[in-house]
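Reader: I am new to reading structures. Please take one part of this one and walk me through it closely. I would like to know what sits next to what.

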Amino acid sequence: LNKQSSSGPAPIAWLRARGRPLKTAEQRRAALARVEAMISENLDVISAAQEQDRIFPSRFNGVGQMLLGGAKNYQSLVDAWMVPEKLEDACPAPLKAGVEADWCVVNEPKGVCINVSPWNAPVQLSVIPMLAMLASGNHCAIKPPELVPNVSALFRRLCQQYLDGYVWVEEGDKDAVNRLIDECADHLVFTGGGEIAKPVAARCAWTLTPMTLELGGKSPVFFDKNLDASMLDAGIRETLELKVYKTGQFCCAHDYALVHEGIYDAFCTKFAAAVEALGDKRHVGLIGRRQYDALKDKITDAAVECIPPMEGSFVPNDTAMTVPFAGFLQPAMTSKFLTGEIFAPALPILKVHDHHEAINIINNMVTGKPLIAYCYSQDAAVAELFVSSVSAGNIAVNSGPQRMISNFNCAVGGIGPSGMGASFWGREAMREFSNRKHVIHAKSGFAKSYFSGPPPAPA
């Protein structure tokens, strides 16, 4: 790997040398309060920039309120996080040789962290890891996505206005990412696709930079046979809203549905009716030409029945880059729909014999372990088996992702191909950006080892 030119800015070095202090709890809370001000005072401005860049939904108010709640929660965690945690001394008594010691764990900030944020939620996923970084005492260099230039430029200006000395925003393409990594930062968060993550991870390996990868993955949803009408309606509505309101361009969105054969016909009838009821809202916009063409290619490749049908006015629009949302029935396991993350307004629907078959499909999906696995069942034994048998970053039983990511004590992160580590929320994220420094302090003499003298003979 060729090291990037050092003629440009050096954000990591600048933050290390000139960053504002984050040593005390008061300083960290003050920085988090500045984030609150930046968000609360600019909701409409951020919404307008997101609309310019075709981010769906463009209105930022809901996300903004979540970020404000997250900032307040981190402020409440700072004091306790900075208190050393006591450890029990498990050293055998003969090796102590009469010398007792205090043991503790100190949560030391790693230093300067990089956050490479994605185009689908550029402000949200720039801010969420940043909150945990600041709360745990780190400075932050953010590389926003070049695919949304208006949002990225606005975010840079806002951080310069509100967070100067705490956060550096470096606009640019992959060369900017490489330049930041080559500065040997203390941690990196990357949110995006797995194929892009591979060269990022390889570059981090050369500088031995620890990293968190938030990669999404094919998050399945299982609909069990025992769902009553209201629960089935709720599960369909949750799935549909993520594919339409959030356009499916959301790492936590349901990627494909596994439907018990005992409820399959009822599911398809209700699903089709719910989609048809959307009217013109069924037309969902994609952020760019590449994403639009990729979805059309998957639809052509699948060559299966879709519900509701794509016909009349409900067909892809090459000019507007919109595609009518639909469910695709029984695509082949080798289809492009099922061999890669969809990240778009389309839902493959597979009929399964029972929950055992659903679990087997999930655990043997060629894309590997998912970010979140959803189980919609009113049978406690089925839900328990699902939780214990499916390996995923997170599991949601009779819940959607919005409820999960709204709990500021719940960490969200992947496993294997869907990621590693967790950059939000709460203590787990603060742990991600801290060096858990274990300390021994001998109290009454020198705590000897074999190198400074043998232990006493047993009594």
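Author: Strand β13 covers residues 327-329, and 3 bridges join β13 to β14. The two strands run parallel. One pairing shows where they meet: leucine 329 has isoleucine 349 in β14 as its bridge partner. This is a predicted model.

Now stay with β14. This strand spans residues 347-352. Strand β14 is mostly covered, with 5 of its 6 residues buried. Here buried means under 20% relative accessible area.

Strand β14 also pairs with β9, which holds residues 256-260. These two are joined by 4 bridges and run parallel. Look for valine 259: lysine 351 in β14 stands opposite. So what holds such neighbours together? Strands of a sheet pair through backbone hydrogen bonds, and they do so either parallel or antiparallel.

For comparison, turn to another sheet listing. An open sheet is formed by 6 strands, in the order β5-β4-β3-β6-β7-β17. The pairing in this open sheet is mixed. Its edge strands are β5 (167-169) and β17 (419-420), and each of them pairs on one side only.

Strand β5 has β4 (residues 139-143) as a partner. The two run parallel, joined by 3 bridges. Within this pair, alanine 141 stands opposite tryptophan 168 in β5. A helix joins the picture too. Helix α8, residues 174-182, packs on the sheet. Helix α8 touches β3 (112-116), β4 and β6 (187-191). The direction of α8 makes about 155° with that of β4.

Technical notes
Residues numbered from 1 in each chain as written. Predicted model: local features only at pLDDT ≥ 70, side-chain atom pairs only at ≥ 80, totals over all residues. Heavy atoms only, no water. Pairing = 2+ DSSP bridges. Contact = heavy atoms within 4.5 Å. Axes fitted to C-alpha atoms, helices over the stretch in contact; angles between N-to-C directions. Buried < 20%, exposed > 50% of the residue type's maximum accessible area, 1.4 Å probe, protein only.
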